[in-house]
Amino acid sequence: MESAAPMKLDHRKQVQLNQLKRETRINNEHYFRAHPELRAAMKVFMAEVLAQKPNDVRAFTQTFFADPTLPARLGVDGYKQPSAMALDTVLATSSVQQLEVGEA
């Protein structure tokens, strides 16, 4: 079976993609800084994965993050999910539009 050659972007699209990547990294960092409970969750999650060494990491991950006692275990029992409007504001801060694959 032949593997398809990787698709090469033209210069303009590559510049757009690189800018989008940078903005995504910056937005992710802003989000992580605004939600320290995420770092706590990842720290506890990684510790439990390394301690328990589950055979099915995907199932373990699903069970871990679906656990209703997780916020209390992380010490963020009063956490409230951000509103849809707040999430829209975060998404609107990106000035680069998604690349249009079919654009010439």
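Visitor: How many salt bridges does the structure hold?
Guide: In this predicted model, the structure holds 4 salt bridges.

Visitor: What makes Arg33 and Glu29 a salt bridge?
Guide: The closest N and O atoms of Arg33 and Glu29 are 2.9 Å apart. The cut-off is 4 Å between a side-chain nitrogen of Lys or Arg and a carboxyl oxygen of Asp or Glu. The pair therefore counts as a salt bridge.

Visitor: Why are Arg33 and Glu29 said to be separated by about one helical turn?
Guide: Because they are 4 residues apart in helix α1, which covers residues 11-34.

Visitor: Is Arg33 called buried or exposed, and what about Glu29?
Guide: Arg33 has a relative accessible area of 65%, and exposed means over 50%, so Arg33 is exposed. Glu29 has a relative accessible area of 31%. That value lies between the limits of 20% and 50%, so Glu29 is partly exposed.

Visitor: How do you know that Arg39 forms a salt bridge with Glu29?
Guide: Their closest N and O atoms are 3.4 Å apart, and the definition asks for within 4 Å. This pair links distant parts of the chain, with Arg39 in helix α2 and Glu29 in helix α1, 10 residues apart. Arg39 has 46% relative accessibility and counts as partly exposed.

Visitor: Which residues are linked in a network of salt bridges?
Guide: Glu29, Arg33 and Arg39. Glu29 is bridged to Arg33 and also to Arg39.

Visitor: What makes Arg73 and Glu48 a salt bridge?
Guide: Their closest N and O atoms are 2.7 Å apart, which meets the requirement of within 4 Å. Here too, distant parts of the chain are linked: Arg73 belongs to helix α4 (residues 70-74) and Glu48 to helix α2, 25 residues apart. Arg73, at 40% relative accessibility, counts as partly exposed. Glu48 is also partly exposed, with a relative accessible area of 23%.

Visitor: Why is α2 called oblique to α3?
Guide: α2 and helix α3 (residues 57-66) pack at an angle of about 135 degrees, with their axes 11 Å apart. Roughly perpendicular ends at 115 degrees and roughly antiparallel needs over 145, so α2 is oblique to α3. The crossing in which α2 passes α3 is right-handed.

Visitor: What is noted about Lys53 in the loop between α2 and α3?
Guide: Lys53 is not a glycine, yet has a positive phi of about 45 degrees. Most residues other than glycine have a negative phi. Lys53 is also exposed, because its relative accessible area of 62% is over 50%.

Visitor: Which residues make the nonpolar surface patch?
Guide: Phe32, Met42, Met46 and Phe65 make a patch of about 340 Å². Of these, Met42 is found in helix α2, residues 36-52.

Visitor: Why does Met42 count as partly exposed?
Guide: Its relative accessibility is 37%. Buried would need under 20% and exposed over 50%, so Met42 counts as partly exposed.

Visitor: How many helices and strands does the chain have?
Guide: The chain has 5 helices and 0 strands. Along the sequence the pattern reads α-α-α-α-α.

Visitor: What share of the chain is made up of buried residues?
Guide: Of the 104 residues in the chain, 12% are buried, which means that their relative accessible area is under 20%.

Notes. Residues are numbered from 1 along each chain as its sequence is written. This is a predicted model: local features need pLDDT of at least 70, side-chain atom pairs count only at pLDDT 80 or more; totals for chains, interfaces and linings use all residues. Side-chain values use heavy atoms; hydrogens and water are left out. Patches are made of residues with over 30% relative accessible area and no salt bridge: like charges are joined within 9 Å, nonpolar side chains (Val, Leu, Ile, Met, Phe, Trp, Tyr) within 5 Å. Accessible areas come from the Shrake-Rupley method with a 1.4 Å probe; for residues, only the protein chains shown count as cover. Helices (H or I, at least four residues) and strands (E, at least two) are DSSP runs, numbered from the N terminus. Buried means under 20% relative accessible area, exposed over 50%, partly exposed in between (1.4 Å probe, protein chains only). Axes are lines fitted to C-alpha atoms, for helices over the stretch in contact, and angles run from 0 to 180 degrees between N-to-C directions. Angles under 35 degrees count as roughly parallel, over 145 as roughly antiparallel, 65 to 115 as roughly perpendicular and the rest as oblique. A crossing is left-handed if the near helix is turned anticlockwise from the far one by less than a right angle, and right-handed if clockwise.
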